[in-house]
Amino acid sequence: MSFQIDATVRARNLDVSLTLGQAETVAILGPNGAGKSTLLSVAAGLLRPDAGSARLGDQVLFNLDGGGRAWTPPHLRGTALLAQEPLLFPHLSVLDNVAFGPRSSGASRTESRETARHWLAEVDAMELAGRKPGQLSGGQAQRVAVARALAASPELLLLDEPMSALDIHAAPHLRRLLKRVLSGRRALIITHDVLDALMLADRVIVMEKGRIVEEGATREVFRRPRSQFAAGLAGVNLMAGTVTEDGLRTVATVELPSLHVAGDLDDEAEPGQPGVAAFPPSAVSIFLDAAHGSPRNSFPVAITDLEPHGDHIRVRAGDLAADITPSASAELGLEPGSRVHFVVKATAVQVYAA
Amino acid sequence: MNFSGIPRWVYGLAVVGGLFVLLPLAAMVAKVNWTQFIPLVTSDSSLTALGLSLRTSAASTALCIVFGIPLALVLARRPFRGQRLLRAFVLLPLVLPPVVGGIALLYTFGRQGLLGKSLGLAGIQIAFSTTAVVLAQTFVALPFLVVSLEGALRTAGNRYEAVAATLGARPTTILRRVTIPMVLPGLASGAVLSFARSLGEFGATLTFAGSLQGVTRTLPLEIYLQRETDADAAVALSLVLVAVAVIVVGLSYRRPHRADLPAEAAA
């Protein structure tokens, strides 16, 4: 009983393959335009891919490979979708909104309302049953939308940034609620928030440009990110390249030529294999001239941005970041465009296989 | 007062425009022979014509709803080859002189018409019957419903329908419980406009259905006929038609508030 999908959508440059276990919640992370929502639309049956196949348990959702034309329409898939906006039907009461799923699958009005009451109680929204969606706050409406999705008893729950339209007070409440209802359930959740991934997901997938670039257990991905996006979420600098005896030979980027990064090798990292070097922005110091003397790394960079970061200043140079004190920043006279050296001790750099 | 951004001279032209509509109505009301008003509008022929008008207009509005909803859905929700052409043809009766519409219907459903011949063999005569009145009215009124509903459907978008589908609703269930209830205000105003257009229909009716008392002579035809012989009766009946139209349009533009829509409208 697993969910397996393999889909190509050429118009949106999407090509992914993914499997979910019986009661597994997977968070999908990635920059805007990475194809995350497209993937959910394909899974829900709202968008027909150019090629691929998908199964949910023993049901074929679609099979377009080898001239196949098998296609299960959305209403027969058992994949409820919860979007950024609650999209409650404005003409139905809260109770009838939640009863919509069971009613549509053939339950009587009494039965479906009974189911609706159960799920409204489950999301602490019983007192809203008689209201119209127009009379709810954003947080209340999204809770009702969660109840409505669950009341349809989906085999797979698809959540597309369910917290992003909520204000900062309503989001934690909904996050706790989702943690409770998602446990023991199969779900795909798109999020931009590390906290969502850590709290709700067993596993994360990072998508970039329509491809899965990294996947693994949530904690492992944030502890040892291998993609630029996950590194950004985890708050570390990441350089990709080839593992060497005492560090990493980086791949040349727009900002930096190929250079050698000295660092601590992970036990499993073998010289010659692809790897990454990771180090926190707080371990980076900034000098106007190249700092010599091993074991230190000195990267010649041009500053792109300066922004406040807690009680420090975060200095960005392309994909790299350094956290320094405001007084140090003032002393160095940093501004966007300044050419400086990011210096980091070899002992602060972790090198591991990608 | 809030800033409106309207130049002052616009108000002047708006007043002239308003008067242009109101003044003729006032002139007509001034002409009404009030002492004879009740007998004039309750005469046999008047009541027959009014009853026929209301019945046929109700029937043609029903036909507009039955065929207009699918047309509007097809035009609003899914692009296809020839969609613009289909829209142009559906809207054609809006700009076509009704007489031309009547002639076209005659060559379709008339005794020697495209479909009329086969229908005649089956023993069905449509031209110059009450059915012909309903068809003529439907022909001219259908675009009003389609235009108004297509706009409402486009504005509403189909995101709610997508959610409903993932919740397990079949396409027909979605149409009944989500789409139609959500565009109900647009559908209602479209239906009212269609009814009003049917009520006022003259040219196509006269051409295609003729003017038989109690069968095809609707109120506009009766008014036109009376104008030749009894101007007072024509004016009185005109006032009745104006009153019916005002009531119908007035009722429809009291749009229901979203939150006040009946909870179980479509359940």
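Strands β19(A) and β20(A) form a hairpin with two residues between them, and Gly310(A) in that turn has a positive phi of about 60 degrees. The model is predicted. β20(A) also takes part in a hairpin with β21(A), again with two residues between the strands. Chain A is in contact with chain B, and that contact is covered last.

**Strand pairing around β20(A)**
- β19(A), residues 305-309, pairs with β20(A) in the antiparallel sense over five bridges.
- In this pairing, Glu307(A) stands opposite Arg314(A) of β20(A).
- β20(A) and β21(A), the latter spanning residues 320-324, are likewise antiparallel and joined over five bridges.
- Across that pairing, Arg314(A) stands opposite Asp323(A) in β21(A).
- The turn between β20(A) and β21(A) contains Gly318(A), whose phi is positive, at about 60 degrees.

**Faces of β20(A)**
- In a regular strand, side chains alternate between the two faces of the sheet.
- β20(A), residues 312-317, has a covered face made of Ile313(A), Val315(A) and Ala317(A).
- The uncovered face of β20(A) carries His312(A), Arg314(A) and Arg316(A).
- Arg314(A), on the uncovered face, stands opposite Glu307(A) and opposite Asp323(A).

**Contact between chains A and B**
- Chain A contributes 23 residues to the contact and chain B contributes 21 residues.
- On the side of chain A that touches chain B, β7 (79-82) and α2 (94-104) each supply at least two residues.
- The largest share of that side, four residues, comes from α2(A).
- By class, the side of chain A that touches chain B has eleven nonpolar, nine polar and three charged residues.

How values were computed. Residues numbered from 1 in each chain as written. Chains lettered and ligands numbered in written order. Predicted model: local features only at pLDDT ≥ 70, side-chain atom pairs only at ≥ 80, totals over all residues. Buried ≥ 20, exposed ≤ 12 C-beta atoms within 10 Å, placed from the backbone. Pairing = 2+ DSSP bridges. Contact = placed C-beta atoms within 7 Å. Nonpolar A, V, L, I, M, F, W, Y, C, P; charged D, E, K, R; others polar.
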